[in-house]
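Grab a coffee and work through these short exercises with the structure open beside you. Try each task before reading its solution.

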Amino acid sequence: MSLGFEMLSCRALRKTYQTGRGPVDAVRGIDLDMSAGRYLAVIGRSGSGKSTLMAMIGGLSHPSAGSLLVDDTDIWSLDDNAMARFRNKRIGYIFQFASLLPSLRAIDNVVLPALLGRHDGTADSYKRAAQLLTDLGLGSHFDAYPSEMSAGEQRRTVIARALINDPVLLLADEPTSDLDVETEGDIMVLLRNINRERGTTLILVTHNLALASEAEQVVHIADGAIVP
Amino acid sequence: MRDFSIPRWLLGSLALQNLGRRKARTTLLVAAVAISSAIVFTGVVMMRSIETSMAIGFSRLGADLMVVAQHALTNITAALLTVEPTSETLDADLLARAQLDGIGRAAAQRVFRTEQSDFGGQGESVDLIGYDPERDFTIQPWITERLSRPTRSGDVILGAAREIPLGTQIVLFGKPCQVYAKLGRSGVGTHERGIFMPSADLLALAPAIKQQTGQTPPMLEPGKVSGFLIELAPGATELQLRFALLAHLSGIKVISGGALLTGIRQGITALLGGAVSLVSMMFASTALLVSVLFSAIVTERRGELGLLKAIGAKRTQIVGMVLTEAILATGIGGLCGVVFGMLLLRVFEHSLVYYLTEMGVPFIWLDQTNTIVVGAICVSGAALTGAIGALAPAWRVSRHDPYDLIRGEG
């Protein structure tokens, strides 16, 4: 599904890391456009630069060069507070690692971005978090701590957290990398449904070609550049 | 939908939970701050108490020097310099005329010994001592009990050896007087058995004394005194002033007080100044300790802090969370330290202070209100030290890109 306007536009996007052995180019001049509401898969081998590209698109890592517009906003020209607000309100992240705070219950983890952004009252934010967890099949896990949940349940909790502020762009970086096949399938169905039913633009980073096959747009990256 | 509880301070409670996650490290941090806080609290309360005690105690030690007429008798073995009864006198404006730099305070006294005062038993010898209430520093500091009203004409102060209750009316040369205050024990005869009154009151008795004895004693002549008690000015030495007095004034005798005690007084004053520097260094070293520890803590938690930034935490929120954690830990440490310090003070009270009091050395504890204020300052100071110590690491980590922190490179 495409909503017609550009969600993402990057030109000559580059990321260079300075290391003890000299500069290393992780991303080398990528041009990429994506319409709102679409589902884009970024594929490539480990170390190809796809996670770094995702981090720049998501406002997590400064590009070394190039331009980047997300939802019509030149995000890397924003000041610290505006960038924090943008990340909080417009973007939802699903990381490839267990990213729940271990000392918080599932519902507290989900509500955290809403509390950080102070969008609504605390009670309203908790109601929304509870609804999201219920929608994702975790209605009986509100009070569970991450250590009391399975890997699949943890990943669904992370998805609920990514959706709490109703983002326009959902970034999923290898979201099923450590899950069994059955759970991986469940999570992918869930993400696809969010993209279709909510119209949330979805970018999925994966090295699994089978998972990428359902995407409306596929970008293959190798050695920091898009492979035609 | 299942019920769930809503925590009031989720972001604030994160700091508490982080502290709870590393119990051993948190305990060590709290203990380190508690030790510093206890030392500072105990030190400050003791210092302030010593200062107060010194202010009274050293005043009680009396004068550094005494100036009397050349042929006057003096008690040179007493720890406390006092003017002995004598008929020899000096001009009341003698020291004012000389204008010597080494004199800090000078108090004139008139001492008149008589057996005809009507006080006590028939023919009882009594020392009537007149002092200048405005300049006196050797009599009033010894007052241990007094009536709860301001002084007025006709009031007298009795030495510790006089067993007469406060408020009692006594008669001196036919004039009624009231016992206004009593002195503590000093072990010096004149001081222990004397009857003290302002010089103006003693001079007012002169006509009655003349009527009863047939003559006016020389020290009760206007413009005459029995002697002067002198406290050295800061930085002046006893030897310098003694030479200056003898060089400028004739017909006088200069008696030295305890040179050792004078040295102790000056030494302790310098020590108190040094103690303030030590307390400042203690706070600085605690801040450094907290800074090093929180550098390690934020390094260990880069991933978590990066994640919080990634989901929308502002830099101020990241800094706030780290500082809250530091303030909580060091504030709790400060509080524990103050409680521990109070226990230490109780131990001092039952040991050192008890023996000092037994030996007759006055020790006056800081009052309760000021002790609470010092405790509150110690707790706030500890929390502030924690905040200052953690500020640099927190600020540093908040500047990094979330992705660098998540990858462990921040």
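**Exercise 1: a helix and its surroundings**

Task: in this predicted model, which residues of α3(A) are buried?

Solution: Go along the helix and list them. A:Ala106, A:Ile107, A:Asp108, A:Asn109, A:Val110 and A:Val111 are buried, and so are A:Leu112, A:Pro113, A:Ala114, A:Leu115, A:Leu116 and A:Gly117. Now count: 12 of the 12 residues of α3(A), residues 106-117, are buried, so the helix is largely enclosed by the rest of the structure. Just past the helix comes A:Arg118, with a positive phi near 50°.

**Exercise 2: two helices side by side**

Task: work out how α5(A) is oriented against α6(A).

Solution: Start with the geometry. Helix α5 (residues 151-163) and helix α6 (residues 181-198), both of chain A, pack at about 15°, and their axes are 10 Å apart. Angles under 35 degrees count as roughly parallel, so α5(A) is roughly parallel to α6(A). The crossing is right-handed.

Next, look at who touches whom. From α5(A), A:Ala151, A:Gly152, A:Arg155, A:Arg156, A:Ile159 and A:Leu163 meet A:Thr183, A:Asp186, A:Ile187, A:Leu190 and A:Ile194 of α6(A). Sorted by type, the contact residues are 6 nonpolar, 2 polar and 3 charged.

**Exercise 3: one leucine in chain B**

Task: is B:Leu239 buried or exposed?

Solution: First place the residue: B:Leu239 sits in helix α7 (residues 238-248) of chain B. Then count its neighbours. There are 11 other C-beta atoms within 10 Å, and exposed means 12 or fewer, so B:Leu239 is exposed. Finally, check along the chain: B:Ser256 is 17 residues away in sequence, and the two C-alpha atoms are separated by 9.0 Å.

How values were computed. Residues are numbered from 1 along each chain as its sequence is written. Chains are lettered from A and ligands numbered from 1 in the order in which they are written. This is a predicted model: local features need pLDDT of at least 70, side-chain atom pairs count only at pLDDT 80 or more; totals for chains, interfaces and linings use all residues. Helices (H or I, at least four residues) and strands (E, at least two) are DSSP runs, numbered from the N terminus. A residue is buried if 20 or more other C-beta atoms lie within 10 Å of its own, exposed if 12 or fewer, and partly exposed in between; C-beta atoms are placed from the backbone. Axes are lines fitted to C-alpha atoms, for helices over the stretch in contact, and angles run from 0 to 180 degrees between N-to-C directions. Angles under 35 degrees count as roughly parallel, over 145 as roughly antiparallel, 65 to 115 as roughly perpendicular and the rest as oblique. A crossing is left-handed if the near helix is turned anticlockwise from the far one by less than a right angle, and right-handed if clockwise. Two residues are in contact if their C-beta atoms, placed from the backbone, lie within 7 Å. Ala, Val, Leu, Ile, Met, Phe, Trp, Tyr, Cys and Pro count as nonpolar, Asp, Glu, Lys and Arg as charged, and the others, Gly among them, as polar.
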